[in-house]
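Here are my notes on how the two chains meet. Please read them alongside the structure.

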2 protein chains.
Amino acid sequence: MDNTALDTPRGLIESATAAVAAARSYIAHARMAVGESVCTDGRTAPDRLENAQRSVHGFAWSATAVEGLAQLTEWAARLAEHNRFSEGDRLVLRIGMGEYLAQILGGLPMSQNEFVRPPDMNASEAADRLEADEAVRQFLQHGNTPHTRAELARCLATGWRADESLDDETLDASREGIRRFSRERIEPKAQAWHLADALIPDEIVAGMSALGVFGVCVGAQYGGLGLGKLAMCIVSEELSRGWIAAGSLGTRSEIAADLIAANGTPEQRLRWLPGIAAGTVLPTAVFTEPGSGSDLASLSTRARQTGDGRWRITGSKTWITHASRSDLMTVLARTDSGAPGSDALSMFLAPKMRGTADNPFPDPGLSGGEIPVLGYRGMREYALSFDEFEIGGECLLGGSEGAGFRQLMKTFEGARIQTAARAVGVARKALELGLSYALERRQFGKALIDFARIADKLALMAVEQVIARELTYFSARAKDAGARCDIEAGMAKLLAARVAWSNADAAVQIHGGNGYALEYEVSRILCDARILSIFEGAAEIQANIVGRGLLSRLPSQ
Amino acid sequence: MDNTALDTPRGLIESATAAVAAARSYIAHARMAVGESVCTDGRTAPDRLENAQRSVHGFAWSATAVEGLAQLTEWAARLAEHNRFSEGDRLVLRIGMGEYLAQILGGLPMSQNEFVRPPDMNASEAADRLEADEAVRQFLQHGNTPHTRAELARCLATGWRADESLDDETLDASREGIRRFSRERIEPKAQAWHLADALIPDEIVAGMSALGVFGVCVGAQYGGLGLGKLAMCIVSEELSRGWIAAGSLGTRSEIAADLIAANGTPEQRLRWLPGIAAGTVLPTAVFTEPGSGSDLASLSTRARQTGDGRWRITGSKTWITHASRSDLMTVLARTDSGAPGSDALSMFLAPKMRGTADNPFPDPGLSGGEIPVLGYRGMREYALSFDEFEIGGECLLGGSEGAGFRQLMKTFEGARIQTAARAVGVARKALELGLSYALERRQFGKALIDFARIADKLALMAVEQVIARELTYFSARAKDAGARCDIEAGMAKLLAARVAWSNADAAVQIHGGNGYALEYEVSRILCDARILSIFEGAAEIQANIVGRGLLSRLPSQ
């Protein structure tokens, strides 16, 4: 390795800071170039946005990669400040900067067959300037090299792990507690539960309740921990590392609690929040319909008010996770307000009885069938049919008809941040499985990790997991600061889902044929990881949100 | 779209030809640059090859992409010559050239987290020259654009399919016959068979036998069709399009027939080839062991000759496909010749009884257990245990002890070409499923295919399927011409497996949540596609073969 400015911790962080500034400048130019093609009178025009979807999404992905590098650099700077910027951590920064800058300039994967390059955004000249920046040039030449990857793989082999302390005693202790639970109670059995298509056992749910998992963000007055989204990320990440289902059980509690805390009447809050926080009330989210995936505004399930003020719900819902063993449905349905599209949607808090294996949906007016799926098991997916399903007049969230879509939209940020955290946990699990197999398995007389292509995969898995993680924490901090953060949440969800998938794919490849055997956990990780770019807003939806959001923000923001 | 040289069929092909020439020149320079780092005295040095694995493999991938473009151009030129170079076919060439050239210059995916770029091969200057080439510049600017992708998606939507005639009546008729069989008898039930983990039904095997599937490459004197590997590709592709298992049943027949035809004694040929060709003898390939995946030379199963000349086999084998319902095992085992490594391996033709559900391994000395897997079902995978399993002295292939590894090596080319053809079929099926879903499913008031990101995915799926297919046919033609073609076969296997995987991944994304439901065929395609980069020589092994092979070839070749 030549001596470069990147060889000292200080020089490395200074170079990274300078390269991020140059990359931000590139993004600002790309924003202008893309903006010109999609704006009329300074505002984005829907039809032009549609026509320029590739450039808008490509811009979103490029901006996401740059924000990822910015957060990676922030992480590194904090470690250096606390005098614990280890060799492995330095290599993570170095390789991450080198690789993502090269992708931004030469081809950034939006999916396996879609790459965005500067000309796609009419940003070739800005890209030339980025490439000519001295710090950027250093990272392109000396960042991601055979040598740095080999060194990082060596660090991984000798037990180093990327620093994950948040320099916050409560949060670090939370992580430690959840991790122990996940490692001792979930990990040893997750594969068997997955293969049996079993529900997460009740005693695991009880254990999670005891740890406060379901009330992380619920106020203390309702029995919750009253912590923020950053804490929720850590909990979700560590549980998902054991099993994505464990990290996902709380998603529905999170959404329901967010809906109720922000929009509920005082009676609704008192009725539901304590049970949700305690984990005795398990909610399920009843939004999607067979004809509407990402297009929620088009849904057609109806709620009709009867003479006595009660509501009757009729219609079909699908992809309802954990529908049978839950106690409370948050149902989005069309009410007859006469308003068009999403303005006629209302949110209901509909109590239901828990189902059993013999009788999954005991309530009158509600039936359902399971949808067998590749992964993401443990809660089961259902198609539900509502036939004059009756609930009380007090079940309309906040007593506000027609507010359901807006109420739901406000939960998207939190749900996406939480989903990004789940992806980070899955990505980390993939790294762990790939690494331990590469250390144990020998071929041609040496351990797999001693082959460059295996070491390369592991190094990049480790690097990208940290980038996705730091971007996720960044979005959680923005949320905790009370700022609108749909862009940050979208970026985190977008990148973390891709990293979980590519890490799972790489871990399977490291396992060879064994990665394809159901006996090996990594085969489940592949299946589990695949859902992350689909649900909670597909990758294309996130890119659209991020792209449009950035184009609409005033330049000064 | 600006007017460019690419707008006329003649200009397009001339530009493609020129760009391929420039790309070949780039590859020649990269070869020299990589060669310098791995050669000592003009020969590749094993230790230096190891150290430079990333650059050698990156070079292999780059050369593979260039050969893919060369074969795509050959295909287009043949169509133009026959006056049937349709608009869709022209767009395939145009987009394929644009995209792969951009990948070669800016980042070519070897896997989801490993990209090779010119500096990785010390070939930056050659890349600059490639980028400056006028034809290359045309394709980079006007090849893969939002407009050309939208146009190609429009062609797909209106029923156009990439031309697949081989201008050979026998081959085209073969394709048509097998396709009809696959469409009528296999496709409607493949998903149900997969979900039930069923064996391919006997009547399907009989139907395939009647079509001559198992004897495509077996000489007419043994009852085979006596056709070549190109015919075998078409058969495998069309069967795999219905179900990868159907396209894979013949792989074992192919390997056994190749082994016996090339190495068998006259008695062995007469005993086995007619049954293999007729499909009444189903062979299974018994090579891999628990400790040896890609590293066959290290295997430890032993065959010991008894006083009466018979052989007794003892040891463990794993990943034995279709082991139970087969009649003949081609077993690679170590014999006590005293020779080291692979020189002590011998190949045996070991008859066995077909197993049943109740008694999967009725022969004395042979037992086995099923390995449940993600996909690639229909034949089942087994771990086998040989305990003094006895066969006659006449079972040693060719009567030659210690020749097994070399005998097997000679079948690798054919098996890899056939595997590439399977991948091409899977890639095509993924395209078909993604396309039909994108045409049917509506969101936000329009069909999915009318969204740019969906159209983009479909366009690239169509383009890459053709590139992988033409590269596969190229390798088959080389084999049929009697040439050594390990490099060509490796390239075809390498690229086609990646394309099958990325196409499957994209098709799932197009399906959204439904892509994750076991009810939808595309969920199986994802699972089936994943094996293709693992078996028959993992992607890393193929890249090594291609890279080392090209570096060892004399420059004039």
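1. Polar contacts. This is a predicted model. Between chain A and chain B, 46 residue pairs are in polar contact, with both residues at pLDDT 80 or more. On the side of chain A that touches chain B, helix H14 (residues 452-480) gives the most, with 7 residues.

2. Composition. That side of chain A divides into 31 nonpolar, 23 polar and 19 charged residues.

3. Salt bridges. Chain A and chain B have 12 salt bridges between them. In one of these, the side chain of Glu99(A) meets that of Arg117(B), at 2.8 Å from N to O.

4. Extent of the interface. In chain A, 73 residues are in contact with 73 residues of chain B. The two chains bury about 6,100 Å² between them. Carbon and sulfur atoms carry 50% of that area. Within chain A, the residues that lose the most area to chain B are Asn113(A), Arg453(A) and Tyr516(A). Together they account for 16% of what that side buries.

5. Symmetry. Chain A superposes on chain B after a rotation of 180 degrees, with 0.0 Å of shift along the axis. The RMSD is 0.0 Å. The two copies are therefore related as by a two-fold rotation axis. Which C-alpha of chain A is nearest the axis? It is that of Gly106(A), 2.0 Å from the axis.

6. Shared surface. Both copies use the same surface. Of the contact residues of chain A, 100% recur in chain B.

Methods:
Residues are numbered from 1 along each chain as its sequence is written. Chains are lettered from A and ligands numbered from 1 in the order in which they are written. This is a predicted model: local features need pLDDT of at least 70, side-chain atom pairs count only at pLDDT 80 or more; totals for chains, interfaces and linings use all residues. Side-chain values use heavy atoms; hydrogens and water are left out. Contact means heavy atoms within 4.5 Å. Buried area is the accessible area (1.4 Å probe) that two parts lose on being put together, summed over both. A salt bridge is a side-chain nitrogen of Lys or Arg within 4 Å of a carboxyl oxygen of Asp or Glu. A polar contact is a pair of N or O atoms within 3.5 Å; within protein, one must be able to donate a hydrogen and the other to accept it, and residues adjacent in sequence count only if both atoms are side-chain atoms. Helices (H or I, at least four residues) and strands (E, at least two) are DSSP runs, numbered from the N terminus. Ala, Val, Leu, Ile, Met, Phe, Trp, Tyr, Cys and Pro count as nonpolar, Asp, Glu, Lys and Arg as charged, and the others, Gly among them, as polar. Copies are superposed by least squares on the C-alpha atoms of residues with pLDDT of at least 70 in both.
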